[in-house]
Amino acid sequence: CSSDLTFSDLQIDIAGIYTLSFDASALTGVTQTNFTVGSGDPFKLSLPINASGSIVGSSFSIQPVVYVEDAAGNRITWDNSTEVQVSVDNGGTLIGRTLVTVVAGAATFTDLGLIGSASTTYTLTFTKYVAPVRMMARAFSFTPTVGDLNSVSSTIVPTAGTPYKLVITRNSAGSVYGSAFTTQPIIQVQDIGGNLVATGSSAITARSEEHTSELQSHSFISY
């Protein structure tokens, strides 16, 4: 019988540096130090940090981070080339940088934000990006855009942003010289996404382009 005992199916799924210990009854144990387990091939994307703190027209207060991982969930720390892109559904518009190259297997977004309807749920979808390639064979063409890794997504609900524009929601009507309009105008303060901004500290002034001095009574209001 050989005194050499060979293990056949030992494995560790989590990348890292380990100390292996081998023990047997009535025998002095032995250890192997600095046993390094590396990550496998790129297999999937994960989203360890979701975007949150969304105000329409501003960057998220917490920016999303996407990992490139192997099948066991280890981050591919040697990957510094994969590009991750983000898209949004429901008619939203993303602002900031939407395409990020991973560093040590992590794509860290820095200034991503959203323009859309307040209190609406939007889904952010992150995918591996592959630059479009044009393949021509007579009348055939193929333009791939998404890579071979899975996509990951999260939802976010923005709140109304800062005052950006004025919108007339009811026009003036019924004007008789020297009397108040029978139908008074209604002006709405909106953010860049068209959402109502209910409070603020500015004065809204009404004037006539032709006869500014002839507007009477309350020609400005505060909101």
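How many salt bridges does the structure hold? The structure holds 1 salt bridge, a term reserved for a side-chain nitrogen of Lys or Arg within 4 Å of a carboxyl oxygen of Asp or Glu. The model is a predicted one, in which local features need pLDDT of at least 70 and side-chain atom pairs count only at pLDDT 80 or more, whereas totals for chains, interfaces and linings use all residues. Residues are numbered from 1 along each chain as its sequence is written, and side-chain values use heavy atoms, with hydrogens and water left out.

The protein contains 0 helices and 17 strands, where helices (H or I, at least four residues) and strands (E, at least two) are DSSP runs numbered from the N terminus. Of the 223 residues in the protein, 24% are buried; buried means under 20% relative accessible area, exposed over 50%, and partly exposed in between, with a 1.4 Å probe and protein chains only. The accessible surface amounts to about 14,700 Å², and 53% of this surface belongs to carbon and sulfur atoms, the areas being obtained by the Shrake-Rupley method with a 1.4 Å probe, with only the protein chains shown counting as cover for residues. Among contacts (heavy atoms within 4.5 Å) between residues at least 6 apart in sequence, 53% join residues at least 24 apart.

An open sheet of 3 strands, with antiparallel pairing, has the order S3-S4-S8. Its edge strands, each pairing on one side only, are S3 (44–49) and S8 (106–108), and neighbouring strands of the sheet are turned by 25° against each other on average, direction ignored; such angles run from 0 to 180 degrees between N-to-C directions, with axes fitted as lines to C-alpha atoms, for helices over the stretch in contact. Two strands are taken to pair if DSSP finds at least two bridges between them. Strand S3 is joined to the antiparallel strand S4 (residues 65–69) by 4 bridges, while S4 and S8 pair in the antiparallel sense over 3 bridges, with Ala107 in S8 as the bridge partner of Val66. Strand S4 is mostly covered, as 4 of its 5 residues are buried.

The salt bridge is formed by the side chains of Glu69 and Lys44 (4.0 Å, N to O). Glu69 lies in strand S4 and Lys44 in strand S3, so the pair ties together parts that are 25 residues apart in sequence. Lys44 also has Glu69 as its bridge partner in S4. Glu69 is buried, with a relative accessible area of 10%, whereas Lys44 is partly exposed, with a relative accessible area of 25%.

Val100, which is placed in strand S7 (residues 99–101), is buried, with a relative accessible area of 6%. Leaving aside residues up to four places away in sequence, Val100 touches Thr82, Glu83, Val84, Ala107, Thr108 and Phe109. The C-alpha atoms of Val100 and Tyr129 are separated by 9.3 Å, the two residues being 29 residues apart along the chain.

On the surface, Phe7, Leu10, Phe22 and Val30 make a nonpolar patch of about 410 Å², and Val30 is located in strand S2 (residues 27–37). Patches are made of residues with over 30% relative accessible area and no salt bridge, like charges being joined within 9 Å and nonpolar side chains (Val, Leu, Ile, Met, Phe, Trp, Tyr) within 5 Å.
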